[in-house]
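Please open the model in your viewer and keep the selection panel at hand. The stops below say what to select next and what is there.

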There are 2 protein chains.
Amino acid sequence: MARIVQKFGGTSVGDIERIRNVAARVQREAAAGNEVAVVLSAMAGTTDQLVAWTREAAPAADPREYDVVVSAGEQVTIGLLAIVLGELGVPARSWTSWQLPIRTDGAHAKARIETIDTAALEADLAAGRVAIVPGFQGISPDGRITTLGRGGSDTSAVALAAALNADRCDIFTDVDGVYTCDPRIVAKARKLERITYEEMLESASQGAKVLQTRAVEMGMKHHVRIQVLSSFEDVPGTLVVDEDEIVEQEIISGIAYSRDEAKITVARVADKPGVAAAIFGPLADAMINVDMIVQNVSEDGEETDITFTVPEGDHQRAIDAIKRSRDAIGYARLDHDANVVKVSVIGVGMRSHAGVAQRMFRTLAEKGINIQVISTSEIKVSVLIAEEYTELALRALHSAYGLDAM
Amino acid sequence: MARIVQKFGGTSVGDIERIRNVAARVQREAAAGNEVAVVLSAMAGTTDQLVAWTREAAPAADPREYDVVVSAGEQVTIGLLAIVLGELGVPARSWTSWQLPIRTDGAHAKARIETIDTAALEADLAAGRVAIVPGFQGISPDGRITTLGRGGSDTSAVALAAALNADRCDIFTDVDGVYTCDPRIVAKARKLERITYEEMLESASQGAKVLQTRAVEMGMKHHVRIQVLSSFEDVPGTLVVDEDEIVEQEIISGIAYSRDEAKITVARVADKPGVAAAIFGPLADAMINVDMIVQNVSEDGEETDITFTVPEGDHQRAIDAIKRSRDAIGYARLDHDANVVKVSVIGVGMRSHAGVAQRMFRTLAEKGINIQVISTSEIKVSVLIAEEYTELALRALHSAYGLDAM
């Protein structure tokens, strides 16, 4: 007997017919003798509608009342799934976040789960009942409704799995697992059987987006084995686990990319202390997230260029912020380019293997692709290249690191 | 300074624009220096959709989970009104039924409010904040969500007014008050300034339907002054009050009618004990509500006819139930007629005035209208007549009792 948490997103519970499919999956897991807790999102579109109403009601809604409104959709789906399971003869009941309760901090609209009281759930599971819990929400220290921010249901599921010491947390989604690369671009991409939390975090922030970053972080912290799998097909997905659960670790687990990048170069600034602060201060004030940063070696010891990337949506705002600070920064020229893509090779194995970055640079050079910016972390090497080379680069790297399916 | 409870139904909060109108009304009451608590329904159509989903999910849904689903709509409207009021600079907050809490019995889908804990609300009102509460729902003794049945928001409002010792409970609706008769039929009908709870109860069950019967009963029990008024026009409505609050009591307050009636005559049954039980037992078993009943005086002391009315929707089921019991009842013939209307004159004044019924019978006779069945209560005389005479009878009686507007 195992204890499983299953999480289904908005598309999976989009209408009663789909909720019946969810119920069938839950029933199968319960019939196998497992204890099952289910975390649900609202029906697809519901939360968007609720958010739209709050915006129509006021441009800057009171976040406490915003949370009251936008948390309503999950109450509908948990009740409906309980009804359908009851009809199938599977003992089940819904639990609202205040009935358990799921306690969060008081940061409305972006709250963090602090504790989940599982006493009632444990009793339910022990009695053979399926427990159904709303994702995305909780209650604050002063007893008000909170929400976790968009996509928060993944986090709810992993937090519940941690609180219940579950053997596994299955996240049902519209992809069937995590691939070595985007299969729409690289036909030879393979589905990974396992991936580490760290690799998943690097992939997610690179645009793989199959699993909320905070959910992965929470899984890593509490050692929750997370499975990403398809709601619509019945095939095993990808397990996200601790590094020591992966026996034969490949050096590289995948190649990620993000087109959502814009490059800005502040040319010929004085090579002296305080210049970087003069550039990045205004960007921080404008809440613009700067990713890669390089500063060229100064040729004459007096002037240098500073290049960095920002999300494409913040491109114009970043340029405006720099221009407004021109006097303080004292630059000669501002260059920018949104036709860039960030390509990353990711793998915990590179910690113990030399030459990973070198292979990347050589592979790209062989294809005549110029590297504009480089940044590295312990388990990732990222380069910025011209966007038109995206497909060529991904396929070449996928082969070069031996990731191609046979 | 007064303490007012305002209740707005689904049409009044049907979209953000209408919620702004509600907010303007709340703001005006608060700006006049009053303490204001607001009870809201879900947006028009929302609860119907939720009910439809539960039916699609299972023909007989677990009532505990049914309540989880169908209670979700009010959470949306209370939050949205709080947001709009905040935008207007009116301090306000929403309270869910579990935050207060509103305690009900455990009769899911038709629960009764037992207590409302007003400590938190009192503090809010004292601090000048508008308190916004969901109608139609509460929590059961074991902490699950309950609902009060359709239209239960009126009851929630009156219960809250009672718990808060409010000076008045304003029920905003799509009519602007209670009339002496249906103004669509009787052009000279007048809006009543005041009506007693008893008269309101008799009118409501006769199809006036401006206020939930249970809400009126609760108002009567706790002496809550209820005002029925229009959401869309800014004119005084009708006050529903204790009899001693009405100084110049008219004998008759109004003429009500109900077309939702069908007459059934069980002809030539034995005139002996047990026959009535043989007829009405099967109807009670079939959950059919019998209204008027008359038994003719037996001519020969051996056989008699029994006539009664049932709601038109139960007409065929009632006939079927009687036919199935034919052997036990032993009747000669079964007659039935759905083309009937029940017309009632209502007024607490008739307790102390003779001749009220006589005037009704004479008026109808003068117009050549045959009375098929008569039933009376302390404050009401009802007759069953052919449906085609409805308008004629209502106008004639309205004049005969001196109710016509000048």
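Are α4(A) and α3(B) roughly parallel or roughly antiparallel to each other? Before selecting them, note that this is a predicted model, in which local features need pLDDT of at least 70 and side-chain atom pairs count only at pLDDT 80 or more, while totals for chains, interfaces and linings use all residues. Residues are numbered from 1 along each chain as its sequence is written, and chains are lettered from A and ligands numbered from 1 in the order in which they are written.

Now select α4 (72-87) of chain A together with α3 (residues 63-70) of chain B; helices here are DSSP runs of H or I with at least four residues, and strands are E runs of at least two, numbered from the N terminus. The two helices pack at an angle of about 155°, with their axes 7 Å apart, where axes are lines fitted to C-alpha atoms, for helices over the stretch in contact, and angles run from 0 to 180 degrees between N-to-C directions. α4(A) and α3(B) are therefore roughly antiparallel to each other, a term that applies to angles over 145 degrees. Among the residues that meet here are Ile78(A), Leu80(A) and Ile83(A) from α4(A), and Tyr66(B) and Val69(B) from α3(B).

Widen the selection to the whole interface, where 29 residues of chain A are in contact with 29 residues of chain B, contact being defined as C-beta atoms, placed from the backbone, within 7 Å. On the chain A side, α1 (16-31), α2 (46-57), α3 (63-70) and α4 each give two or more residues, and α4(A) gives the most, with eleven.

Next, select the sheet of chain A, an open one of eight strands in the order β3-β6-β2-β1-β9-β11-β12-β10, with mixed pairing; two strands pair if DSSP finds at least two bridges between them. Its edge strands are β3 (92-94) and β10 (194-196) of chain A, each of which pairs on one side only. Within the sheet, β9 (residues 168-173) and β11 (residues 226-230) of chain A pair in the parallel sense over five bridges, and Thr173(A) has Ser230(A) as its bridge partner in β11(A).

Then add the helices that lie across this sheet. α1(A) lies across β1 (3-8), β2 (35-40) and β6 (130-134) of chain A, running at about 175° to β1(A). Helix α6 (residues 152-163) of chain A lies across β1, β2, β6, β9 and β11 of chain A, and runs at about 175° to β1(A).

Note on methods:
Two residues are in contact if their C-beta atoms, placed from the backbone, lie within 7 Å. Angles under 35 degrees count as roughly parallel, over 145 as roughly antiparallel, 65 to 115 as roughly perpendicular and the rest as oblique.
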